[in-house]
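Biologist: Could we go through this model together, with a few questions from me and the reasoning from you?

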Amino acid sequence: MRTVLVTGPGGAGRTTVAAATALAAADRGSRTLLLSSEAIPGFPAATGPTPVTDRLDHVRIDSGEHFRAELTELQNRASGVLDLLGAGRLDGEELTELPGSPQLALLHTLRRAAEGDLSGYDTLVVDLPPLTEALALLALPEQLRRYLRRLLPAERQAARALRPVLAQLAGVPMPAQWLYEAAARKDEELAAVQALIEDGTTTLRLVAEPGPAAEDALRTARTGLALHGLTADLLVASRVLPRHSSDPWFAALAARQEKCLDHWHQDLAPVLPVHEAAHLGRDPEGVDDLAALEIPAPDERTPGRAGDPWWTEEEQDTDDGTTTIAWCLPLPGAAKEDLRLVRRGDELLLTVGPFHRIVRIASALRRCTVSGAALADGVLRVRFTPDPALWPRTS
């Protein structure tokens with residue numbers, strides 16, 4: 001199953017483009033599923049797969065329903081502990097979803113798709129939140145799995161054989177055992193979502209309305225995508241106005257769009273194709289209006305994530321002959337003043353503007369010390385020097 005993730009700056013029409021992308025894939029003959037938390041005019045609002053056309057189904061993600069179901073299940077699993085503590089349970093009618101629940105509901109639906117619960121489809125199109133939130137969401141499975149490993153490491157499950165005895169003495173399941181079982185279950189679910197995001201057939205489709213604000217947002221987005229190793233296969237310029245008009249006010253808006261589009265075609269088109277979607281003069285209201293946008297279907301030949309974006313280069317100091325190893329990562333659009341690096345043990349903490357990621361250092365480099373870093377020509381190079389105390393001596 002090919003996965004297409006659609007996002008863009010807020011108000012750019014990403015939901016419309018996601019729906020048009022799914023429709024184009026279905027019209028090409030691909031059995032397609034569209035996931036969206038937003039209402040789409042002319043599309044069913046059911047939370048289960050519901051037909052839109054012969055080959056296109058839609059699922060609306062209800063974050064409130066998901067939050068209530070998850071919390072109710074959590075109370076049922078922890079019933080022994082709650083009864084022991086004398087805690088009262090919450091009814092589903094009194095549960096109000098908390099901030100962050102839409103993101104968790106989307107991850108849950110992606111997990112269902114990754115594990116085959118939503119099976120039988122050739123193409124999965126996902127309407128993501130606005131750009132900055134979407135990049136944070138796509139990084140969330142990896143981050144949460146790291147938190148689980150740090151908070152509940154497997155090696156702490158000592159005296160596992162004693163837990164049944166302790167549970168019989170106390171009369172309830174031991175909390176530690178319940179926590180480890182819940183953590184293992186969540187780790188499996190997050191691993192499935194992470195595998196879907198990092199799959200070689202998964203691509204990202206960007207949507208932006210031409211203008212100065214969109215140019216700044218896309219410049220920042222390219223850095224965030226590179227930091228997380230994500231690949232965009234298309235930039236959809238939405239709501240493009242006609243080039244010529246006798247109205248001076250309208251003509252000025254069109255000229256500003258045209259200037260931005262020229263920049264995109266010159267700077268991005270060599271690596272990121274740009275598709276111009278015309279402004280319909282109104283909000284799309286159904287399948288016919290979506291088809292009129294002429295959004296291209298996902299190209300099955302377009303590669304997705306290329307694998308690990310990092311690579312190593314050996315460098316030699318001409319003064320003392322010291323050999324260093326540069327660990328390199330492309331970061332287009334990044335600025336030195338927005339870049340921060342911290343090494344902690346076997347991990348490298350990277351902050352680039354609003355984006356943050358913790359990566360595990362390559363095994364060979366863990367026996368080295370960080371001797372410097374540089375950002376040049378859009379490439380970050382972290383220099384490592386072999387530590388004599390950790391590398392074996394050679395004669």
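What follows is a friendly exchange about a predicted model.

Biologist: Happy to start with the strands. In which sense do strand 12 and strand 13 pair, and over how many bridges?

Modeller: Strand 12 covers residues 347-352 and strand 13 covers residues 355-360. Within this pairing, L349 stands opposite I358 in strand 13. The sense is antiparallel, and the count is six bridges.

Biologist: Which residue takes a positive phi in the hairpin of strand 12 and strand 13?

Modeller: This hairpin has two residues between the strands. The phi in question is near 60°, and the residue that takes it is G353.

Biologist: Let's turn to positive phi outside glycine. R239 and E294 both come up there, so where does each of them lie?

Modeller: Most residues other than glycine have a negative phi. R239 nevertheless has a positive phi of about 55°, and about 55° is also the value for E294. R239 lies in strand 7, residues 232-240. E294 lies in the loop between helix 10 (287-292) and strand 9 (311-316).

Biologist: Is E294 exposed or buried?

Modeller: A residue counts as exposed over 50% relative accessible area, and as partly exposed between 20% and that value. R239, with 31%, is partly exposed. E294 has a relative accessible area of 59%, so E294 is exposed.

Biologist: Now the interior. Which element gives the largest share of the lining of the largest cavity?

Modeller: The count comes to two cavities of 30 Å³ or more, and about 110 Å³ of space lies in the largest cavity. Of the 11 residues that line the largest cavity, the closest to its centre are L138, A139, E142, I197 and E198. Two or more residues of the lining come from each of helix 5 (131-151) and helix 7 (175-198). The largest share, four residues, is given by helix 5.

Biologist: How many charged residues does the lining of the largest cavity have?

Modeller: Sorting the lining by class gives five nonpolar and two polar residues. The charged residues in that lining number four.

Biologist: On to salt bridges, please. In the pair of R111 and E115, which residue counts as buried?

Modeller: The structure holds 16 salt bridges. In the one between R111 and E115, the closest N and O atoms are 3.0 Å apart. Buried means under 20% relative accessible area, and E115, at 44%, counts as partly exposed. At 17% relative accessibility, the buried residue is R111.

Biologist: R219 and D216 form a salt bridge too. Which helix do both residues lie in?

Modeller: The closest N and O atoms of R219 and D216 are 2.9 Å apart. R219 is partly exposed, with a relative accessible area of 44%, and D216 also counts as partly exposed at 44%. The two are three residues apart, about one turn of the helix, and both lie in helix 8 (residues 212-227).

Biologist: And for R381 and E313, how many residues apart in sequence are the parts that the pair ties together?

Modeller: This salt bridge has its closest N and O atoms 3.6 Å apart. R381 lies in strand 15 (residues 379-386) and E313 lies in strand 9, so the bridge ties together parts that are separated in sequence by 68 residues.

Biologist: One last thing: which residues do salt bridges with shared partners join into one network?

Modeller: Here the bridges are linked through the partners they share. The residues joined into one network are R243, E258 and E276.

Conventions:
Residues numbered from 1 in each chain as written. Predicted model: local features only at pLDDT ≥ 70, side-chain atom pairs only at ≥ 80, totals over all residues. Heavy atoms only, no water. Pairing = 2+ DSSP bridges. Buried < 20%, exposed > 50% of the residue type's maximum accessible area, 1.4 Å probe, protein only. 1 Å grid on protein atoms, 1.4 Å probe; cavity = no way out; pocket = protein on both sides within 12 Å on 5 of 7 lines; lining within 4 Å. Points joined across faces, edges and corners; volume = space filled by probe spheres on them. Nonpolar A, V, L, I, M, F, W, Y, C, P; charged D, E, K, R; others polar. Salt bridge = Lys/Arg side-chain N within 4 Å of Asp/Glu carboxyl O.
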